[in-house]
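Me: I would like to go through this structure term by term, asking what each label rests on. Please set each value against its definition before you conclude anything.

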Amino acid sequence: MYKKLQFKIVLILVSFIVCVMTVVGTILISNVFTYFENDFIGQQSGVFTEDFIDELEKALTYSDYPERLKSTLGAYSARLGIDSYRNYYVLDADGNFLSGSVSDEDADIKKTENLVRAISGNTSHKQSAGNSMMDWAEVLNSPDGSVRAIVYISDDNTELEEFSWLIFTIILQSLLIGLVIAILLSFFLSKAIVSPIQNITKKATKLSRGDFDEKLTVYSDDEIGTLTVTFNRMADTLKNNMNEISNEREKLETIFYYLKDPVIAFDSEGYPIHINPEAKELFGLEEKDELTLDALTEKLTLDSFTEDLTVGENDSINLTNVVYENRVFDVSFGKFNFNLSDKSFGGYIAVLHDVTESFELDKSRREFIATVSHELGTPLTSIKGATETILANPDMPGDVKNHFLDMVISESDRMAHIVHDLLVLSRLDNNRMKWIPSSFPINEVIEKCCLLLSGQANENSQELKFIKNEELLPEIIADREKVEQILINIVGNAVKYTQNDGRVFISADLKEVSGVDGLNDGKYFTVAVTDNGGGIPEEDLPHIFERFYRVEKARNSDKGGTGLGLAIAREIAEAHGGTITIASKLHIGTTVTVYLPVKAKFVV
Ligand code: ADP
């Protein structure tokens with residue numbers, strides 16, 4: 001309360017009034033004293049002229065001079081200002097009462113400075129401020145020059161004191177009334193000054209809480225009015241600036257939100273300011289979870305690099321191929337400033353760009369090239385070895401030579417086979433495969449495939465059988481040659497990887513299919529090829545459709561496979577709008593199912 005401006009204004013005004021009234025009172029009262037003294041001296045000196053003193057001194061020649069002097073002075077009592085407070089006395093040379101305006105009993109004669117001087121022979125009427133009384137002592141000399149009598153005028157200052165007291169009480173009353181008025185006025189005045197300031201303060205408090213809408217009313221065009229207008233203008237500017245800032249922030253948040261890359265912003269201390277949903281998902285963070293910079297670098301097993309950013313000149317650091325939970329990221333850490341003007345360090349932004357796909361692609365491309373080189377390199381080495389052996393031994397027996405030449409032909413066939421398969425895959429990859437759709441009964445293709453592979457199955461004493469559906473299946477619209485290719489690859493595998501005396505059964509159907517990976521629910525032709533061969537280990541099944549993937553290469557090396565057959569078959573099926581699935585149990589057998597739509601998807 002005492003600190004409040006309102007109280008201060010009241011205090012200032014009250015102090016001002018008290019000071020003014022004290023100064024005025026002091027000056028007034030001291031002037032009253034001076035006035036009274038001057039008036040006294042003026043009156044006495046007007047009466048006690050040389051002639052009047054001569055006249056008084058003449059009376060000294062008479063024996064009853066005290067009475068004579070009394071009556072002469074009595075005649076001048078009005079001019080001398082004689083009243084109940086002021087008396088005149090006729091004193092002898094020693095200052096003893098002879099006669100006066102009052103009787104000897106009532107006479108109150110003090111030995112004042114003036115009177116003492118008069119007794120010593122000098123007329124005296126010196127006055128000095130602060131004396132308790134005013135007096136005038138006039139020495140009357142006898143003709144021989146000796147002091148004969150003293151006329152002494154004494155004023156006991158009662159009138160002056162009464163008058164001064166009256167002035168004092170008037171000043172005191174005025175002071176009190178003035179104080180009351182001052183306090184009331186100062187209240188109104190301070191209210192007039194303080195209210196707008198209070199309003200501005202309230203508004204400033206609201207502003208600090210982010211409420212920019214309310215406007216202050218301008219009541220006057222004085223300094224306070226100007227302050228109010230300026231304040232309103234400032235609030236408007238602030239509101240616009242805040243709107244712009246929140247707009248920018250909103251934009252940034254939206255960008256952050258929809259960014260497909262995980263992004264985390266850290267403050268200068270390394271605490272998170274913002275974590276976008278992708279980052280939360282990647283690091284499994286709940287709504288309230290925090291992820292500090294240190295925790296992030298630990299998770300990503302990055303060396304302490306923040307020093308490079310703070311100490312070094314680099315504004316950003318880019319780290320490639322950072323592996324986190326089977327995903328590969330290019331991680332960028334960028335420094336940002338707190339604000340543009342002072343360039344003070346504000347924090348870091350970490351962006352994790354998921355490059356798993358391109359990394360995998362790149363990896364598989366490199367692996368593919370290595371595999372192709374290896375797959376082509378092996379028969380080439382055999383061919384080179386065989387031809388070199390023939391050339392080095394011109395006398396080689398015919399049958400041995402023929403064996404080597406057979407080897408050259410078979411390895412050349414194998415190379416041609418690989419190159420053919422690679423060309424098919426390349427055409428599929430580049431969408432350059434020529435599709436020739438036609439309508440045909442799927443049974444015909446299966447029967448042709450059985451016919452083609454029956455020789456091989458017979459050689460192995462295998463039972464290759466097409467178990468036909470009881471109902472006649474409708475015709476399929478697809479590329480007949482490519483469907484044949486699919487079935488030859490799959491039935492061929494079944495024959496190839498099934499031991500002698502084994503069984504390979506084929507069945508076909510048209511049915512509603514749902515819940516198959518990579519396939520829309522709907523009606524599909526299904527061709528299931530089931531064998532009771534060695535089967536495929538469980539851990540190999542997810543990779544079986546990958547290019548060049550073969551189970552236990554050593555085990556199958558004598559089978560002459562390339563590891564491209566299933567990949568080609570599935571890609572052809574997928575190009576038709578279908579797929580291929582495989583189910584296998586080691587040492588029990590394998591079932592490969594081909595799904596083909598009633599009408600291939602490339603048919604318009
Ligand atoms: P390959 O030319 O080696 O036969 P594929 O892509 O056709 O290549 O087959 C990939 C691998 O899958 C084969 O190497 C083989 O190990 C395995 N495989 C395919 N079909 C069968 C099957 N019916 N029984 C057992 N293993 C099979």
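Reply: Let us start with accessibility: a residue is called buried under 20% relative accessible area, exposed over 50%, and partly exposed in between, with a 1.4 Å probe and protein chains only. This is a predicted model, in which local features need pLDDT of at least 70 and side-chain atom pairs count only at pLDDT 80 or more, while totals for chains, interfaces and linings use all residues. Residues are numbered from 1 along each chain as its sequence is written, and side-chain values use heavy atoms, with hydrogens and water left out.

Me: Why is R366 called partly exposed?

Reply: R366 has a relative accessible area of 48%, and partly exposed is the class between the 20% and 50% limits, so R366 belongs there.

Me: What makes D362 and R366 a salt bridge?

Reply: The term requires a side-chain nitrogen of Lys or Arg within 4 Å of a carboxyl oxygen of Asp or Glu. The side chains of D362 and R366 meet with N and O 3.2 Å apart, so the pair satisfies the rule. D362, at 36% relative accessible area, is partly exposed. The two residues are 4 apart in helix α11 (residues 356–392), which means that about one helical turn separates them; helices here are DSSP runs (H or I, at least four residues), strands are likewise DSSP runs (E, at least two), and both are numbered from the N terminus. An α-helix has 3.6 residues a turn, so residues three or four places apart point the same way.

Me: Which accessibility classes do K384 and E388 fall into?

Reply: K384 counts as exposed at 52% relative accessibility, whereas E388, with 42%, is partly exposed. K384 and E388 also form a salt bridge, their closest N and O atoms being 3.2 Å apart, and they too are 4 residues apart in helix α11.

Me: How do you know that D354 and R327 form a salt bridge, and where do they lie?

Reply: Their side chains meet at 2.9 Å, N to O, so the distance falls within the 4 Å limit. D354 is in strand β9 (residues 345–354) and R327 in strand β8 (residues 327–337), 27 residues apart, and the pair links distant parts of the chain. D354 is partly exposed at 29%, as R327 is at 30%. The structure holds 18 salt bridges.

Me: Why is Q44 called buried, and what is it in contact with?

Reply: Q44 has a relative accessible area of 0%, so it is buried. Q44 lies in helix α1 (residues 5–47). Contact means heavy atoms within 4.5 Å, and Q44 is in contact with L80, R86, W136 and I153, leaving aside its neighbours within four places in sequence. I41, also found in helix α1, is partly exposed at 27% and touches H125, Q127 and W136, not counting residues up to four places away in sequence.

Me: What makes the phi of E325 and N326 worth a remark?

Reply: Most residues other than glycine have a negative phi, and most peptide bonds are trans. E325 has a positive phi of about 45 degrees although it is not a glycine, and N326, also not a glycine, has a positive phi of about 65 degrees. E325 lies in the loop between β7 (316–324) and β8, and N326 is found in that loop as well. E325 is exposed at 56%, and N326 counts as exposed at 73%.

Me: How many Å² do domain 2 and domain 3 bury between them, and what is that area?

Reply: Buried area is the accessible area (1.4 Å probe) that two parts lose on being put together, summed over both. Domain bounds come from an automatic or database domain assignment, which gives, among others, domain 2 (212–258) and domain 3 (259–354). The contact takes 5 residues from domain 2 and 6 residues from domain 3. Between them the two domains bury about 570 Å², 66% of it on carbon and sulfur atoms. F256, Y257 and Y258 supply 82% of the area that domain 2 buries against domain 3, more than any other three residues. The count of salt bridges between these domains is 0.
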